[in-house]
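User: Please take a close look at the place where the ligand sits. Walk me through what surrounds it.

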Amino acid sequence: MNIEKNHMNQKVVTVVGATGALGSKIVKALIDQNHHVRAMVRATSNRTKLRELGVTDFVIGDMMDPQSLPEALSKDPKSQAIVASAAGYTRHTKGDNSKTDAQGYRNLIDATKSAGIPRFVLISILECDKAIKVSHFYNKYLAEKYLQEKGQLFIALRAGAFLDQTRDFVLPGIQKGVFPTFVPGVSYGMIYTPDLARYAALAATSLPESELNASVDVGWDRPASGTVVAEAFSKVLGRKIVAKPAFPPFVSDVIFPLVGLAVGGISDMNEMIKWIKNGDYTSKNIQRQRELFGDLPTVEEAVRRYCKDRKLV
Ligand SMILES: NC(=O)c1ccc[n+]([C@@H]2O[C@H](COP(=O)([O-])OP(=O)(O)OC[C@H]3O[C@@H](n4cnc5c(N)ncnc54)[C@H](OP(=O)(O)O)[C@@H]3O)[C@@H](O)[C@H]2O)c1
């Protein structure tokens, strides 16, 4: 079943983390699919980009302030779904930390359940249930588990690494002939965020209830190493692009483990690189994505769109 072909009525969808790199693309995807977006933002969030996208409906809510959530989530007309793309570990705002990814998500799930919002779309991470030592991965699994425990209808989209990272450090690399990657020789699951955003919008508005209460891997049709992605860039751009580690080996092998002893965020990054090196950061079931969202993007096709969107071709 390809839900994109189904008839869709306009829905009201609350997007949490709407100001973020992915969140703003989810907002755009929902608007493109003709739905009404309600952006839940913090009092301090910068709304400029959302206004430019056409968002006029804002509610104030902070996942770390549970008392702010009931009012934010009960505005009339009631949301038919919530898409949660927020994160603390990315430090989008100074002072954020991974408590948002643990306690903040529990607060948001509690408030969603109490408000009676019938669907929760969680942006999750590939193989998060197995990555026990990578706390920002494992927190996603804990959120999935909490959604189940609370009896909140949900779907978790377990994404691989973003081609266009949270802060797009790929673009300046490509301009210098380099594709920066965590581990050049190891294949792992990847996705281009406009695709993930489109899936999230469809999951929030069009996926039948019978498909909910599930975690679905999403990404390209196969895992890709940095070398394979660099080759795709070379082909699309018609010039040589080579894969290089985003961090020099001395930094990832010596500095990160040492600094990580004292700094939680670095320890998490270090564990993530180790986990990716395992080769386990891949989808074990691409069939489900195909059934729900249609044909999977290929590496070359996603790279071509990345280049086109940035006017590199
Ligand atoms: N990067 C990857 O490769 C990757 C792969 C798989 C999954 N993901 C997941 O993708 C999701 C989106 O990441 P991103 O790159 O879009 O992150 P991002 O750009 O850093 O955005 C984070 C968002 O969370 C919001 N936020 C933070 N703390 C909040 C709080 N206490 N209450 C309400 N909102 C809060 C921020 O709002 P403000 O504007 O107020 O700061 C911002 O909108 C994350 O959940 C991440 O785990 C990422």
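**The ligand site**

Analyst: This is a predicted model. Start with one contact: a polar backbone atom of Met 63 lies 3.0 Å from a nitrogen atom of the ligand. The backbone of Ala 87 also takes part, with a polar atom 3.3 Å from a ligand oxygen atom. Arg 42 uses its side chain instead: a polar atom there is 2.9 Å from an oxygen atom of the ligand. How much of the ligand does the protein bury? On its own, the ligand exposes 940 Å², and the protein buries 97% of that.

Now look at the shell. It holds 32 residues. Thr 19, Thr 90, Thr 93, Lys 140 and Thr 166 are the closest. Sorted by class, 15 residues of the shell are polar, 13 are nonpolar and four are charged. Which elements supply at least two residues each? They include helix H1 (21-32). Strand S5 (120-125) and strand S7 (161-162) do so as well.

What kind of space is this? The ligand takes up the largest pocket.

Strand S7 leads to another space. Along with strand S8 (178-181), S7 supplies at least two residues to the lining of the second largest cavity. S8 gives the largest share of that lining, three residues. The volume of this cavity is about 70 Å³. Its lining has 13 residues, with Gln 165, Pro 180, Thr 181, Phe 182 and Tyr 188 closest to the centre. Eleven of the lining residues are nonpolar, two are polar and none is charged.

Conventions. Residues are numbered from 1 along each chain as its sequence is written. This is a predicted model: local features need pLDDT of at least 70, side-chain atom pairs count only at pLDDT 80 or more; totals for chains, interfaces and linings use all residues. Side-chain values use heavy atoms; hydrogens and water are left out. A residue is near a molecule or strand if one of its heavy atoms lies within 4 Å of it. A polar contact is a pair of N or O atoms within 3.5 Å; within protein, one must be able to donate a hydrogen and the other to accept it, and residues adjacent in sequence count only if both atoms are side-chain atoms. Accessible areas come from the Shrake-Rupley method with a 1.4 Å probe; for residues, only the protein chains shown count as cover. On a 1 Å grid over the protein atoms alone, a cavity is a set of points where a 1.4 Å probe fits but cannot get out, and a pocket is an open set with protein on both sides within 12 Å along at least five of seven lines; lining residues have an atom within 4 Å of a point. A molecule sits in a cavity or pocket if more than half of its atoms lie within 2 Å of its grid points. Helices (H or I, at least four residues) and strands (E, at least two) are DSSP runs, numbered from the N terminus. Ala, Val, Leu, Ile, Met, Phe, Trp, Tyr, Cys and Pro count as nonpolar, Asp, Glu, Lys and Arg as charged, and the others, Gly among them, as polar. Grid points are joined across faces, edges and corners, and a volume is the space filled by probe spheres set on the points.
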